[in-house]
Amino acid sequence: MEFVRVIGAYFYLLHVIKYLHILQIVCLQETKITRDMLDEATALVEGYSSYYSFSRKKSGYSGVATYCKNSCMPFQAEEGLAGTLSSHEAKIDFYDSVHGSFTDEGLKALDSEGRCVMTLHRFKEEETVASLIVINVYCPHAGDNDERLAYKLEFYRALSLRCDDLLSQGYHVIVLGDINVSHRLIDHCEPDDVTSFSKSPSRIWLDGFLVEGGGKFIDSFRYLYPTKEKAFTCWNTKLNARVNNYGTRIDYIMLSSKLSQSLRECIIMSEVYGSDHCPVKASIALNFISSTRLPALCTKNFKEFSGKQLKMSEFICKRSLAVGSADELQSKPDVSEPKKTRLSQKTTKQQSSLLNFFASTSVTSHENVSSLQFVSSTTESTNSFDCNKSLSTATSSSVGLWKNLLKGPAPPPVCSGHKEACVLRTVKKKGPNMNRQFWACPRAAGHSSDLNAQCNFFLWSSAKRIEPTNNAQAEDKFRNGAALD
């Protein structure tokens, strides 16, 4: 059995679906779609059942999806970590630790952003039947936002508690997706502060979640390749950092420790493009038992795809046909009545476009010039010469005037490291400098020791300073990609 976790926007999701036939379980994160955006071709893939979680907070944000081949169709599926979004029949259950550690409001907040889908599978284990829970998660990103960091850590805590409850009931568990933290120094291209790297709250949580820190899960990639360097899954596309493999490993497939003996392979598919992340694939030897009944959460049960609800497109089509038929009936002439003209009926003339206006003006101008030349030639040849000369002089003076008025932008500065023309970037990070523009080296980001990678050139495009931040501090933010568009 092969697990694949993929992260990307909706267009990337469509790209991945083309290759579903070679995979058994595919988990996607950051789908950035809501239910009304989900089309039939994406939701109903032949040979697969799909399960989505959508953000309740805002459109085009977060979201995860799990696709399961019919040979390993889940027996149950649940949206969210805390059980606030699924009906009782669809719930996988076992929330004791989670519900005992959060308020009702906190539980709803955990599930409101569409960050988790759980599926329950069964497989043959020697002479018995074992149960497996696949938890597809898109963990929150915090950055420098203290409020989001608190939410991220609460999400981590809820994930740990739910896994503990499931493991205590005898389930095998796989947690996979975008965990949004690089675990060790080997998983990061170039940390800002090496000494405090391991002290990050997110890394402390991940340490405790994995076996080496006293937890119950293994990082499948590091389990097989503990010393492999430059094995990254995420790159800053705004800095073109993937060219120099200047990234981080923040995407994981983590197995409860008992499944480690079934792990056959885990690879980072860095050759697959289409997102700022790349897929991670794990092969696990399990003999699945397929369910004969679709879980309630399956998209095949959605009213808009089950034939129970008329689609908006079909409604509009039928409405258009009805209106068209009515118009045809009204437009047929009545021979029994004489034709009448109404004062209210006005002749309609299609409005010309701006380009047509200029085209017609241009033709008129040429006709006038031709007439003048013809008249001049019938009177005296010198008059024709003088006329052409005056037109040429007027044209050249107009061109010169426009060139003086529209000088165009000044040439960009050159970077100090490579003497190449810089590119203009925009600060998108919230703060005093938000939306302010600056010049930077045009090359792809890379390690600071790589002379062919992006140099540290930084120059504000305007002289006005908004905050007393020196260029060195701004350069650090720029290289980390935290403040870029």
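In this predicted model, Phe-458 has a relative accessibility of 6% and therefore counts as buried, the cut-off being under 20%. Its partner, Phe-438, is likewise classed as buried, with a relative accessibility of 2%. The structure contains eleven aromatic pairs. One of them joins Tyr-52 and Tyr-67 in an edge-to-face arrangement, with 6.0 Å from centre to centre and 75° between the planes. Tyr-52 belongs to strand 3 (residues 48-53) and Tyr-67 to strand 4 (residues 64-69), and the pair thus links distant parts of the chain, 15 residues apart. Both tyrosines, Tyr-52 and Tyr-67, are buried. For Phe-438 and Phe-458, the ring centres lie 4.8 Å apart and the planes meet at 25°, so this pair is stacked. Strand 17 (residues 437-440) carries Phe-438 and strand 18 (residues 458-460) carries Phe-458, so the two rings tie together parts that are 20 residues apart in sequence.

Aromatic residues also appear in other settings. Tyr-156, Trp-205, Phe-209 and Phe-217 come together as one aromatic cluster. Elsewhere, rings meet positive side chains. The charged end of Arg-203 is placed over the ring of Phe-197, 3.6 Å from the ring centre. Arg-122 offers another example, its charged end sitting over the ring of Phe-75 at 4.5 Å from the centre.

Helix 5 invites a closer look. This helix covers residues 146-168, 23 residues in total, and at 1.5 Å a residue it should span 33 Å; the C-alpha atoms at its ends are indeed 33 Å apart, so expectation and model agree. At the start of helix 5, a side-chain oxygen of Asn-145 comes to within 2.9 Å of the backbone nitrogen of Glu-147. At the other end, Gly-170 adopts a positive phi of about 95° just after the helix.

Stepping back to the chain as a whole, the protein is built with twelve helices and 18 strands. Of its 485 residues, 43% are buried. The chain exposes about 27500 Å², and 54% of that area is supplied by carbon and sulfur atoms. Contacts across the sequence complete the picture. Among those between residues at least 6 apart in sequence, 64% join residues at least 24 apart.

Definitions and conventions: Residues are numbered from 1 along each chain as its sequence is written. This is a predicted model: local features need pLDDT of at least 70, side-chain atom pairs count only at pLDDT 80 or more; totals for chains, interfaces and linings use all residues. Side-chain values use heavy atoms; hydrogens and water are left out. Helices (H or I, at least four residues) and strands (E, at least two) are DSSP runs, numbered from the N terminus. Buried means under 20% relative accessible area, exposed over 50%, partly exposed in between (1.4 Å probe, protein chains only). Contact means heavy atoms within 4.5 Å. Accessible areas come from the Shrake-Rupley method with a 1.4 Å probe; for residues, only the protein chains shown count as cover. The expected span of a helix is 1.5 Å times one less than its number of residues. A polar contact is a pair of N or O atoms within 3.5 Å; within protein, one must be able to donate a hydrogen and the other to accept it, and residues adjacent in sequence count only if both atoms are side-chain atoms. Rings of Phe, Tyr and Trp (its six-membered ring) pair if their centres lie within 6.5 Å; planes under 30 degrees apart count as stacked, over 60 as edge-to-face and the rest as tilted. A charge sits over a ring if NZ of Lys or CZ of Arg is within 6 Å of the ring centre and within 35 degrees of the ring normal.
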